Amino acid sequence: MSVKRTVYIKTYGCQMNVYDSDRMTDALAPAGYVPTDTLETADLVLLNTCHIREKAAEKVYSELGRLRVLKEARAEAGRPMQVGVAGCVAQAEGAEIAARAPVVDLVVGPQTYHRLPDYLDRARRGERVVETEFAPEEKFEQLPAPTTERTIARGVTAFLTIQEGCDKFCSFCVVPYTRGSEISRPVAQIIAEAERLAGAGVREVTLLGQNVNAFHGEGPDGRAWGLGRLVSRLAEIPGLDRLRYTTSHPRDMDDDLIAAHRDLPQLMPYLHLPVQSGSDRILAAMNRRHTAEDYVRLIERIRAARPDIALSSDFIVGFPGETDADFEATLRLVETIGYVAAFSFKYSARAGTPAADREGQIAEAVKAERLERLQGILAEQTRAFNARTVGLTIPVLIEKSGRRPGQVAGRSPWLQAVHLDADTKLIGEIVDVTITGLATMSLSGVRAGTEPNRSGLAS
Ligand code: 5AD
Ligand code: SF4
């Protein structure tokens, strides 16, 4: 029997880290670790970190500063605490973290979380463990599927990683270096995990990958399956009523996947398809390998297949060499497409990426001004989209209790948060809700009764 210990995992960054944090919880369970929500008393604190922009990476070092004080106090009180850094900062800066932050007992990259119990034993024996080996196949083979109560019964929605890494090498991005080259999970493994989730009451699964639509996992027939085919197969699993995937690259939106959007009611009409910029010059400098026009045509094809599809994107402003005219081209593209949501960032030079040392780095004030303008337009598009939903009756997956007693919260097919007064017994159900109001971040509605049903958003 192993000793009972508690672990607190703090997750930064993308959904894949959220998924990985759960897998760490699962990997630690056989070693006697139970998750806790109280950092102050945890026996082990793990930071699952993000390296995508400088700010994200810097957060780790300030958190480690706070943990140093806590760790010292805990040692004095005779209740020692271990501190580990996982995720992409660990992968990129392993040795540097160890040198810069003596508080850290363990540094582990995203590929070998299944070996955590062993690493922690070594750390307890006084070793400073730094493990940043690339072992993606081993990760998929060895990482436990959702097994602990906390990770399997998290709720009615779940993430499922199907692909990791990226071979695209956009010139601004650290991902190909921190997560390694593209690798897809075998289809059978994915189906088994999805069935397990459905069996535990999950109604909606979001398939994850750094380049999820480049998925090419080995199918049961020995051939490589694309994402379209995988999604069609997952749609056959009873109980899995909603499927989503993120994040995609425009170059990998193939015909099969577009057809899946046309044919599968389970595949939600929402697509996060980052374009980054609307200027062909900047797109080329970013090594995106498509033009703004290619993107617009692609969106036209996707919309022809699924007219009510809602689109979201990522944007970078102030990429090296970006002129006012380039930036205006981005604004024009945004107006042309019309997004329901978006993430936009100031370009952040990342050491080791090709764009980091380029000439024409843009002044911080210019980046800030461009970001503000872009975000203003995007926010208005989100508001206008949400406003168009008011008065419609739409299927809402009820996910959790709302803020007030008697209230529940769920999501529309277009990923809008919806609040309504209803019994929490409805959690896990998809109910028709008539949207009656609009707040900044969410919609409010009432269960559809006698209102005329005008579902669908096609405009
Ligand atoms: N600077 C700013 N934003 C970046 N992103 C990736 N790398 C950088 C960078 N160096 C953004 C991109 C990507 C999202 C996940 O983060 O928009 O799509
Ligand atoms: Fe980074 Fe995405 Fe480009 Fe890959 S496709 S390099 S993850 S921005």
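This is a short walk through one protein chain, from its overall build down to a few single residues.

Okay, hi everyone. Before anything else, please keep in mind that this is a predicted model.

Let's start with the whole chain. What is it built from? The protein chain has 14 helices and 21 strands. If you lay the C-alpha trace along its principal axes, it spans about 65 × 60 × 50 Å. Is there a check on how the chain is packed? A compact globule of 459 residues would have a radius of gyration near 23 Å, and this chain has 23 Å, so the two agree.

Now, how much of it is tucked away? Buried residues come to 56% of the 459. The surface that is left exposed is about 19700 Å², with carbon and sulfur atoms supplying 51% of it. And here's a number I like: take the contacts between residues at least 6 apart in sequence, and 72% of them join residues at least 24 apart.

On to the helices, beginning with helix 1, residues 15–28. Its 14 residues should span 20 Å at 1.5 Å a residue, and the end C-alpha atoms are indeed 20 Å apart. Why do we call helix 1 largely enclosed by the rest of the structure? Because 12 of its 14 residues are buried. Among them you'll find M16, Y19, D20, R23 and L28.

Two of those names come back when we look at T161. This threonine lies in strand 7, residues 157–161. Buried or exposed? Buried: T161 has 1% relative accessibility, and the cut-off for buried is under 20%. Leaving out residues up to four places away in sequence, T161 touches M16 and Y19, and also F140, R185 and L208.

Now jump to helix 14, residues 364–389. With 26 residues, helix 14 reaches 37 Å from its first C-alpha to its last, close to the 38 Å expected. Its buried residues are K367, R370, L371, L374, L378, Q381, F385, N386 and T389. Try reading those numbers with one rule in mind. An α-helix has 3.6 residues a turn, so residues three or four places apart point the same way. What covers the buried residues of helix 14? The cover includes helix 13 (324–337) and several strands, among them strand 15 (310–317), strand 17 (393–401) and strand 20 (430–438). Just after helix 14, look for G391, which takes a positive phi of about 100°.

Next, the ligand. Which residues surround ligand 2? They are C166, K168, F169, C170, F172, C173, V175, P176, H249 and R288. That shell divides into seven nonpolar residues, one polar and two charged.

One residue of that shell deserves a second look, and that's F169. F169 has a positive phi of about 50°, although it is not a glycine. You'll find F169 in the loop between strand 8 (163–164) and helix 7 (175–178). F169 is partly exposed, with a relative accessible area of 36%.

There's another residue of that kind, R289. Its phi is positive too, about 60°, and again it is not a glycine. R289 lies in the loop between helix 11 (280–285) and helix 12 (292–305). At 39% relative accessibility, R289 counts as partly exposed.

While we're on backbone features, where is there a cis peptide bond? It runs from T246 to T247, with omega near 5°. T247 lies in the loop between strand 13 (242–246) and helix 10 (255–263).

Last stop: the loop between helix 2 (54–76) and strand 4 (82–86), where R79 is found. P80 lies in that loop as well. R79 is partly exposed at 42% relative accessible area, whereas P80 is exposed at 61%. Skipping residues up to four places away in sequence, R79 touches T41, D43 and R74, and P80 touches D43 and R74.

Let me leave you with two distances here, both C-alpha to C-alpha. P80 and T41 are 39 residues apart in sequence and 9.7 Å apart in space. R79 and A101 are 22 residues apart in sequence and 20 Å apart in space. Put those two pairs up on your screen and compare them for yourselves. Thanks, that's it from me!

Conventions: Residues are numbered from 1 along each chain as its sequence is written. Chains are lettered from A and ligands numbered from 1 in the order in which they are written. This is a predicted model: local features need pLDDT of at least 70, side-chain atom pairs count only at pLDDT 80 or more; totals for chains, interfaces and linings use all residues. Side-chain values use heavy atoms; hydrogens and water are left out. A residue is near a molecule or strand if one of its heavy atoms lies within 4 Å of it. Ala, Val, Leu, Ile, Met, Phe, Trp, Tyr, Cys and Pro count as nonpolar, Asp, Glu, Lys and Arg as charged, and the others, Gly among them, as polar. Helices (H or I, at least four residues) and strands (E, at least two) are DSSP runs, numbered from the N terminus. The expected span of a helix is 1.5 Å times one less than its number of residues. Buried means under 20% relative accessible area, exposed over 50%, partly exposed in between (1.4 Å probe, protein chains only). Contact means heavy atoms within 4.5 Å. The radius of gyration is taken over C-alpha atoms; the globule rule is 2.2 Å times the number of residues to the power 0.38. Accessible areas come from the Shrake-Rupley method with a 1.4 Å probe; for residues, only the protein chains shown count as cover.
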